[in-house]
Structure formats: structure tokens, C-alpha cells
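Reader: I would like a close look at one helix and what surrounds it. Please start from a residue in that helix, work outwards, and give the cut-offs as you go.

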Amino acid sequence: AGQGIQISEIMVYTKEKQEVTMKQKTFLMLKPDAFAGGHAQEVLRELRSHGLVIEKSCTLTVTMGVMKTLIDHYAGVIDSMSKDFNFPGKLFNSFYYDGPHTIMPMEVSYEGSDDIITLTRTLAGKTNPQDAGADTIRGKYSDDSYEKASAAVRLVNNVIHASDSHESAQRELNIWKSYLK
């Protein structure tokens, strides 16, 4: 009789475990400074060490065609910023001019119990590397700041983009799907 209880407990645990570990997906992108600084492989290792699986990815040299995709990707940010901030100009200064620049869009999955968006954004750290914790990707691999970026009329070099919601992840995966085959 005792063995039946143990098996039953194991089955319940297994069933609960399967429900908790449903595969989740998100969009991440290594930015030009990840490659320029020689940190791309280190960042990928760090992502994998936290149970993230890179399902699809490609390494792209940023061309005008890729810039059009980046503009689609950042359309919401562009629309939310003032004309004076000039996000499109800073985007070109960061990703296109003085190139070639390399990026790596990625479809990433996770089967752990954490929410993939919370996990990836925590691993990435705050947008401004100066505010990111020393144990985050941005804290480890970028010494940039909003002040330096503003003075150079570019976006902050912060190594990685991580979708900010499940809805954004789906939208961004859709925008990049022609590259992620």
C-alpha cells in the first residue's frame, strides 16, 4: 500500500511539473556593441546557463533592408518619443552609419517555472547600463550611459534587446520572422 502512495505522489508531482514548465518564447536581439566589444559569445553562454534555448537566430550585417525592419521593430518607441529626441536619427547612428554593424535577432524559448519576459529582462538589466546591476548582462558588458549616448547623438549601447511583454515578443518575432527561419 505504501508503494501505491509513492507512485501516486510522483504522478501528481510530474503532472504539476508539466503544467509549470510549459514552453514559453520571446524575442531577444544582440546589438552592434555586443559584437564590437567582443561579448556576443559570452552573452549567449550566459543566456543558455539560465535555461534559455536559442531556437532560431541569425547574424546580420545591418543593411538598409535590415534598417527598415529595425524601424518597424522600434515603431512604438519612435511614435512615443518627441521629435527633439530624434530616435530614428539615433537609431541610424547606432546601427548603420560608421559600420558595418552586426546584430543577432533571436527566437528564444524557456521551459522553467519563471516567466520568460521577467527572466530575460532581469538578466539583461535596466536599459541604462549605469543603472543596471553589476550581475546583469548590461552591467557586465557595457560601460555606456544616457549621457555619453546623448553627447554622441546615438542610442545607448546596452548590448541586448529583450521584449518587454508577451505581446511585444509576439509582435517582434513576427517582424523578424523572415530572418528567423
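Author: Ala169 sits in helix H10, which spans residues 166–176 (helices are DSSP runs of H or I with at least four residues, strands runs of E with at least two, both numbered from the N terminus). The model is predicted, so local features are given only at pLDDT of at least 70 and side-chain atom pairs only at pLDDT 80 or more, while totals for chains, interfaces and linings use all residues. Residues are numbered from 1 along each chain as its sequence is written, and side-chain values use heavy atoms, without hydrogens or water.

Ala169 counts as buried because its relative accessibility is 1% (buried is under 20% relative accessible area, exposed over 50%, partly exposed in between, with a 1.4 Å probe and protein chains only). Apart from neighbours within four places in sequence, Ala169 is in contact with Lys25, Thr26, Phe27, Ile117 and Ser163 (contact means heavy atoms within 4.5 Å). One of these partners, Ile117, is 52 residues from Ala169 in sequence, yet the two C-alpha atoms are 8.4 Å apart in space.

Two further residues of this stretch, Glu172 and Arg171, form a salt bridge, with 3.9 Å between the closest N and O atoms (a side-chain nitrogen of Lys or Arg within 4 Å of a carboxyl oxygen of Asp or Glu). Glu172 is buried, since its relative accessibility is 4%. Arg171, at 35% relative accessibility, counts as partly exposed. Side chains of opposite charge can pair when their charged atoms come close.

The contacts of Ala169 with Lys25, Thr26 and Phe27 lead on to other parts of the chain. Phe27 joins Trp176 and Tyr179 in a cluster linked by ring pairs (ring centres within 6.5 Å, using the six-membered ring of Trp; planes under 30 degrees apart are stacked, over 60 edge-to-face, the rest tilted). Lys25 has a salt bridge of its own: its side chain meets that of Glu107, at 3.0 Å from N to O. Because Glu107 lies in strand S4 and Lys25 in strand S1, this pair ties together parts that are 82 residues apart in sequence. Glu107 counts as buried, because its relative accessibility is 10%, whereas Lys25, with a relative accessible area of 40%, is partly exposed.

Strands S1 (24–30) and S4 (102–110) also meet another helix. The buried residues of helix H6 pack against both of these strands and against helix H2 (32–36), helix H4 (64–73) and helix H5 (75–80). H6 runs over residues 87–95, and its buried residues are Phe87, Lys90, Leu91, Phe92, Ser94 and Phe95.

Two of those H6 residues also take part in ring pairs, of which the whole structure has seven. Phe85 and Phe87 have ring centres 6.4 Å apart and planes at 25°, so they are a stacked pair. Phe92 pairs with Tyr97, and here the arrangement is tilted, at 5.9 Å centre to centre and 40° between the planes. Phe87 is buried at a relative accessible area of 6%, and Phe92 counts as buried at 16% relative accessibility. Tyr97, by contrast, is partly exposed, with a relative accessible area of 43%. Met81, in the loop between H5 and H6, is partly exposed too, with a relative accessible area of 33%.

Elsewhere in the chain, Asp144 and Arg154 form a salt bridge in which the closest N and O atoms are 2.6 Å apart. The pair links distant parts of the chain, ten residues apart: Asp144 is in the loop between helix H8 (137–141) and helix H9 (146–151), and Arg154 is in the loop between H9 and strand S5 (160–162). Both partners are buried, Asp144 with a relative accessible area of 4% and Arg154 with 19%.

Another buried acidic residue is Glu46, with a relative accessible area of 9%. Glu46 belongs to helix H3, residues 40–49. Leaving out residues up to four places away in sequence, Glu46 touches Asp135, Ile137, Lys140 and Tyr141.

As for the whole, the protein has ten helices and five strands. Of its 181 residues, 42% count as buried. Among contacts between residues at least 6 apart in sequence, 74% join residues at least 24 apart; the contact between Ala169 and Ile117 spans 52 residues. The count of salt bridges comes to five, including the one between Glu172 and Arg171.
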